[in-house]
Each structure stands twice: as C-alpha cells, then as structure tokens.
Amino acid sequence: EDDDVLEFRPPVVTVMGHVDHGKTRLLDAIRNTNVIEGEAGGITQHIGAYQIHTTVEGEDRKITFIDTPGHEAFTAMRARGAKVTDIAVLVVAADDGVMPQTVEALNHAQAADVPIVVAVNKIDKEGASPDKIRGQLTEYGLVPEEYGGDTMFIDVSARQGLNIDELLEAICLTADGALELKANPNKEARGVAIEANLDKGRGAVSTVLVQSGTLHVGDAIVAGVAHGRVRAMFDENGQAVESAGPSRPVQVLGLSTVPRAGDTFLSTEEERTARQIAEKREAADRNAQLAKRRKRVTLESFD
Ligand code: GTP
Ligand code: NA
Ligand code: MG
C-alpha cells in the first residue's frame, strides 16, 4: 500500500565536546548561514532544535540540529530511552586538544552506536594544531579518513564561519555511508520532546522532534504525562506551520502541562485516548514512587 512507503528523512545531529571548545558558536554559525528561510516577518527564536538546508553534490539536503546545551540533554534523553541523535558532531578546539569531556562525549556516542564527525574548531587561532587533534583522537578509535580510517575530520572556525559548508557535507556523507535513514510520513506522528517551558500567555510550549509520521495542527497528542490537542505549531523562524514530517523539529502549543526532555510523544485519533494514556502513565509514575518509598521504609525498619 502507498501509505506504507518509507521515505528518506534528514539526519538528526547533536553537537558535543569539551567546555568552551565552541559548540554554541558553531551551532550559531551553522544556523546563521543556513537556516531555511522563513517568510518575511518571521521572528528567529530559540526552539531547542532547528533544520537547515545545504547542497551536497548538487542535491538539496536537510539536516536537523538539536540545539540544547551539550551532552547533558543527550544523556538525559538516552536515560529515558529516547534515541534522538543519528550523528554526533564532536567539537575539539585545535588550540586546546582532547580534554576529559571530549573523551566523555565520544564514549557516549560510541556507546549509543552513533557515528561521529569531528569538527576541529578554532583553526584561526595562533597555536592551533589540527594534526595534533587527529593524532590524539586516533588513540580513541576515531581514525581520520586521510589516515585510512573512516571518520571525517573537518577543520573549521566557528568564529570566522570557515568550512561550515564542508562540515555540513561531511555530515550528509557520513549519514549516507553509515545509516539508512527512512521513515513513513503517512501515519500518526511519533517522536520525542526536546525541551519545554511554561509560558504565561501561551501555556505549555514544547519543542518536539517528529521521528515518524506527520504531526498536524488539530491532532490529539500525548507527550509523557502531558496531553491535549495541537493548537498551533511554529518552526525555528517563529513561522506558523500546519504540519511537520519525519526529522522536523517544531514548537507545539496546546498541551495540558510541560513534558520532560526525552519524553516520547505520539498522536492519537481521539483526544480521549491521549488523555487515557497520559493518565495511565501518571498512575504508573505514582505507583513507582510509592513502591520506592515503601521499600525505603522497609529497609529503614531493619536498621
Ligand atoms: P560551553 O557551552 O560552555 O561548554 O561552551 P561551548 O563549547 O558552547 O563554547 P562557546 O561556543 O561558548 O565558545 C567558547 C569561546 O570560544 C567563546 O569565547 C567563543 O567566542 C570562542 N570561540 C568559539 N569558536 C571559536 C573559533 O572558531 N575561533 C576563535 N578564535 N574563538 C572561538
Ligand atoms: Na562557553
Ligand atoms: Mg555552549
């Protein structure tokens, strides 16, 4: 049946690396040059994730970046069982070299079986030694292609906007080589909450990443213990959108409360079903907490 067709979806990328090596600056540089143009009047805003487009071998390609602070969000999401990231960009400052959180980040990515692209950053700086970074990371199993390995290393300067397109190309080529990214857009949406906050005027504002299916304004959804109907959706330009397909991050209004980062969401035919799932999850959470408390009381009574 036509509705079951799997279609290519863009890779979803998380940027990781040691403190101050330039993750935020790099995400800004990527976003400033390549965010998909909104219509005039759109207000660029932070929604925790954004999608860009780039050209690889003459073909228009999209990439979704998760723009939440470092690997904290990544591990929180993984702890909840959510697999969000297809590719990790490991940022290493060329004047500083491999540091403890560099190693931590690459360990996380390797444990999750997520391919890594290395962005050797700050190459504009005096004392930058991109070759040293290549040598250091080789010892952790990240062997550069030019040394006969299969990891792409791109020298960049987030500050000067240098080689950003090359980095985007490396991400696409890594996706093509290592991953088979497909999803069915023709069904009810499923995905993950990336971040959420309570807004005085607008209520619960949640950024979700659609992983399969398509989310529409008006759909009933449940995200963690939050539920409701999608009242409105916005993209990273603050532009209202009617629908969002696989790998698309979108800000959603209309949930009863704020989900946690890493909570999975799904849309349901009936709003009642969404509410019932949410209530079941809430009851399960409550029971788990009670059980924990009871166990603690039992243990204490043996002291
Ligand atoms: P945390 O989120 O705190 O871990 O840091 P980060 O990895 O996001 O680093 P951030 O982007 O905040 O950059 C840290 C500092 O390095 C800032 O002062 C940046 O301006 C600077 N910086 C980032 N990229 C470059 C670069 O390519 N060249 C130079 N010269 N400085 C850079
Ligand atoms: Na910083
Ligand atoms: Mg930062």
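Q: How far is the polar side-chain atom of R25 from an oxygen atom of ligand 1?
A: It is 2.7 Å in this predicted model. The R25 atom is a polar side-chain atom, and its partner is an oxygen atom of ligand 1.

Q: Which backbone atoms lie by an oxygen atom of ligand 1?
A: Two residues come up. A backbone N or O atom of A158 is 2.9 Å from a ligand 1 oxygen atom. For R159, a backbone N or O atom lies 3.2 Å from an oxygen atom of ligand 1.

Q: How much of ligand 1 does the protein cover?
A: The protein covers 73%. That is out of the 650 Å² of accessible area ligand 1 has on its own.

Q: Who else is around ligand 1? How many residues surround it?
A: There are 15 residues around ligand 1. The closest are K23, T24, R25, D124 and A158.

Q: What classes of residue make up that shell?
A: Seven charged, six polar and two nonpolar residues.

Q: Which element gives the most to the shell?
A: Helix α1, residues 23-34. Helix α1 puts three residues into the shell around ligand 1.

Q: Switching to the fold. How many helices and strands are there?
A: The protein has six helices and 17 strands.

Q: And how many residues are in the protein, and what share is buried?
A: There are 303 residues, and 48% of them are buried.

Q: What about contacts between residues 24 or more positions apart?
A: Such pairs account for 72% of the contacts with a separation of 6 or more.

Q: What does the surface look like? How much area is exposed?
A: The protein exposes about 15,100 Å². Carbon and sulfur atoms supply 46% of that area.

Q: Now strand β16. Why is it largely enclosed by the rest of the structure?
A: Strand β16 covers residues 249-255, and six of its seven residues are buried, so the rest of the structure largely encloses it.

Q: Which strands does β16 pair with?
A: Strand β10, residues 203-212, is one of them: that pairing is antiparallel, with six bridges. Strand β13, residues 226-234, also pairs with β16 in the antiparallel sense, over four bridges.

Q: Which residues face each other there?
A: From β10 to β16, L209 has P249 as its bridge partner. On the β13 side, M233 stands opposite V252 of β16. F234 has Q251 in β16 as its bridge partner.

Q: Which other strands pair with β13?
A: Strands β12 and β14 are among them. Strand β12, residues 220-223, pairs with β13 in the antiparallel sense over four bridges. Strand β14, residues 240-241, is antiparallel to β13 too, over two bridges.

Q: What stands opposite V222, and what does M233 face in β14?
A: V222 stands opposite H227 in β13. M233 faces V241 in β14.

Q: How many residues sit between β12 and β13 in their hairpin?
A: Two residues. G224 is in the turn, with a positive phi of about 60 degrees.

Q: And between β13 and β14? Which glycine takes a positive phi?
A: That hairpin has five residues between the strands. G238 takes a positive phi near 75 degrees.

Methods: Residues are numbered from 1 along each chain as its sequence is written. Chains are lettered from A and ligands numbered from 1 in the order in which they are written. This is a predicted model: local features need pLDDT of at least 70, side-chain atom pairs count only at pLDDT 80 or more; totals for chains, interfaces and linings use all residues. Side-chain values use heavy atoms; hydrogens and water are left out. Buried means under 20% relative accessible area, exposed over 50%, partly exposed in between (1.4 Å probe, protein chains only). Contact means heavy atoms within 4.5 Å. Accessible areas come from the Shrake-Rupley method with a 1.4 Å probe; for residues, only the protein chains shown count as cover. A residue is near a molecule or strand if one of its heavy atoms lies within 4 Å of it. A polar contact is a pair of N or O atoms within 3.5 Å; within protein, one must be able to donate a hydrogen and the other to accept it, and residues adjacent in sequence count only if both atoms are side-chain atoms. Ala, Val, Leu, Ile, Met, Phe, Trp, Tyr, Cys and Pro count as nonpolar, Asp, Glu, Lys and Arg as charged, and the others, Gly among them, as polar. Two strands pair if DSSP finds at least two bridges between them.
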